[in-house]
Amino acid sequence: MHKHAVGLTFMSVVLVAACAREPARNSTSDSALGEVALVRSAELALFAPIDTQVVGLGTVPDEPIVTLGRALYNETLLSDSHDVSCNSCHPLNGWGADGRKVSLGHDGRAGSRNAPTVYHASGQVAQFWDGRAPDVEAQAKGPILNPVEMGMTDSARVLEHLRATPEYVAMFRAAFPEQRDAITYDNVGRAIGAFERKLATPSRWDRFLTGDSTALTADERAGLRVFLATGCQTCHAGKYVGGDRYMKAGLVNPWFSQADSGRFLVTRNAADLFVFKVPSLRNIEKTGPYFHDGSVASLNEAVRLMAYHQLGKSLDSAQVQSIVTWLASLTGDIPTRFIAFPQQPGPQ
């Protein structure tokens, strides 16, 4: 049997035993939620621990490309006013999200959608809320030329700045030694994408999935049971607890705001009206405000709204809080040393 399957079978047994031993030590077990039921191995098999080495395009990114991508991710030269970088809206020391309803870009202009976290983005079905970019390499090139975000008028201006910096000339040559002219706009996207594919935050949830029954508290295990019993795993499953599919906002009960048509704006297919990419729940307690428009500040309220609009279920406050308690176990460790702000090439 596969090692992961063995771990899941083990966990289904240990989870019940552990919850039976601990009810007197946690408030959730004493609440109206009642005793935590069996979490079957088949239910846990809907999820998976993240890879210890995030890879891209079938191979481990070469170190020179990752180093270049890290510099470009933090490079304000890529914006028209030289004061905005990828890290401005997706700060890596803040779980990859800036905490704003919508981000402020070039000349302080406000965007129209909430900036999702960049952590674990590379493993998702597509990029942006509407899925208009297939991967992180393509996504990285979009904001630079967006007049609201980084404001560059065209890619030629971007390359002009990079070619005028000797350090970048050397870094591009090292990253793409097979190319005579390595400083291209596609290579800007390739480098940033290679860096982003390294951005992972392993958490206690991963330890739990691989057999460590002590990684989650009794309250968190109870919250997992409520999450599963509610049916949240219908959309939020897999390695990233989401991020692997699209779903209509307001699947059962109409969404409370219909100002954004979602993926319909990309496909012009009526079936995609109000359809958005399902976000990953990893680090969700750290990446509010929530939803595509950043309209909800409270994670408890976001959980309540999702249960009602997507599943047609009205959760009480204890059930909501129980799920939120489990969601805390998805908060991972930021790779602080890896993402520390680098010394940028060129004059400072």
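Here are some notes on the helices, aromatic rings and buried faces of this predicted model.

1. Overall make-up. The chain has 15 helices and 2 strands. Of its 348 residues, 52% are buried. Taking the contacts between residues at least 6 apart in sequence, 71% join residues at least 24 apart. The points below pick out some places where such long-range links can be seen.

2. The Trp-205/Trp-326 pair. There are 11 aromatic pairs in the structure, and one of them is Trp-205 with Trp-326, edge-to-face, at 5.2 Å centre to centre and 80° between the planes. Have a look at where the two rings come from: Trp-205 belongs to helix H10 (residues 204-209) and Trp-326 to helix H14 (residues 317-327), so to speak distant parts of the chain, 121 residues apart. How accessible are they? Trp-205 counts as buried because its relative accessibility is 0%, and Trp-326 counts as buried at 0% too.

3. Phe-227 joins in. Trp-326 also pairs with Phe-227, and this pair is tilted, with 4.5 Å centre to centre and 50° between the planes. Phe-227 sits in helix H11 (residues 218-230) and Trp-326 in H14, so this pair ties together parts of the chain 99 residues apart in sequence. Phe-227 is buried as well, with a relative accessible area of 2%. Which residues make up the cluster around these rings? Phe-47, Trp-205, Phe-208, Phe-227 and Trp-326 form one aromatic cluster.

4. H11 against H14. The helices that carry Phe-227 and Trp-326 pack at an angle of about 115°, their axes 7 Å apart. The crossing of H11 past H14 is left-handed. On the H11 side, the residues in contact are Asp-219, Glu-220, Ala-222, Gly-223, Leu-224, Val-226, Phe-227 and Thr-230. They meet Gln-319, Ser-322, Ile-323, Thr-325 and Trp-326 from H14. Phe-227 and Trp-326 thus turn up both in this helix contact and in the aromatic cluster.

5. Charges over rings. Two arginines are worth a click. The charged end of Arg-132 sits over the ring of Phe-128, 3.7 Å from the ring's centre. Arg-263 lies over the face of Tyr-246, and here the distance to the ring centre is 4.3 Å.

6. The two sides of H8. Helix H8 (residues 166-175) has Tyr-168, Val-169, Phe-172 and Ala-175 as its buried residues. Looking down the axis of H8, these fall within an arc of 135°, so they line one face of the helix. An α-helix has 3.6 residues a turn, so residues three or four places apart point the same way. What sits on the face of H8 turned away from the buried side? That face carries the exposed residues Pro-166 and Arg-173. The buried residues of H8 pack against helix H4 (63-73), helix H7 (155-163) and helix H9 (185-196).

7. Pro-64 in H4. Helix H4, one of the packing partners of H8, contains Pro-64. Is Pro-64 buried or exposed? Neither quite: Pro-64 counts as partly exposed because its relative accessibility is 37%, and buried would need under 20%. Leaving aside residues up to four places away in sequence, Pro-64 touches Ala-174 and Ala-175. Ala-175 is one of the buried residues of H8. Pro-64 and Ala-191 are 127 residues apart along the chain, yet their C-alpha atoms are separated by 8.9 Å.

How values were computed: Residues are numbered from 1 along each chain as its sequence is written. This is a predicted model: local features need pLDDT of at least 70, side-chain atom pairs count only at pLDDT 80 or more; totals for chains, interfaces and linings use all residues. Side-chain values use heavy atoms; hydrogens and water are left out. Rings of Phe, Tyr and Trp (its six-membered ring) pair if their centres lie within 6.5 Å; planes under 30 degrees apart count as stacked, over 60 as edge-to-face and the rest as tilted. Helices (H or I, at least four residues) and strands (E, at least two) are DSSP runs, numbered from the N terminus. Buried means under 20% relative accessible area, exposed over 50%, partly exposed in between (1.4 Å probe, protein chains only). A charge sits over a ring if NZ of Lys or CZ of Arg is within 6 Å of the ring centre and within 35 degrees of the ring normal. The arc is that of the directions from the helix axis to the C-beta atoms. Contact means heavy atoms within 4.5 Å. Axes are lines fitted to C-alpha atoms, for helices over the stretch in contact, and angles run from 0 to 180 degrees between N-to-C directions. A crossing is left-handed if the near helix is turned anticlockwise from the far one by less than a right angle, and right-handed if clockwise.
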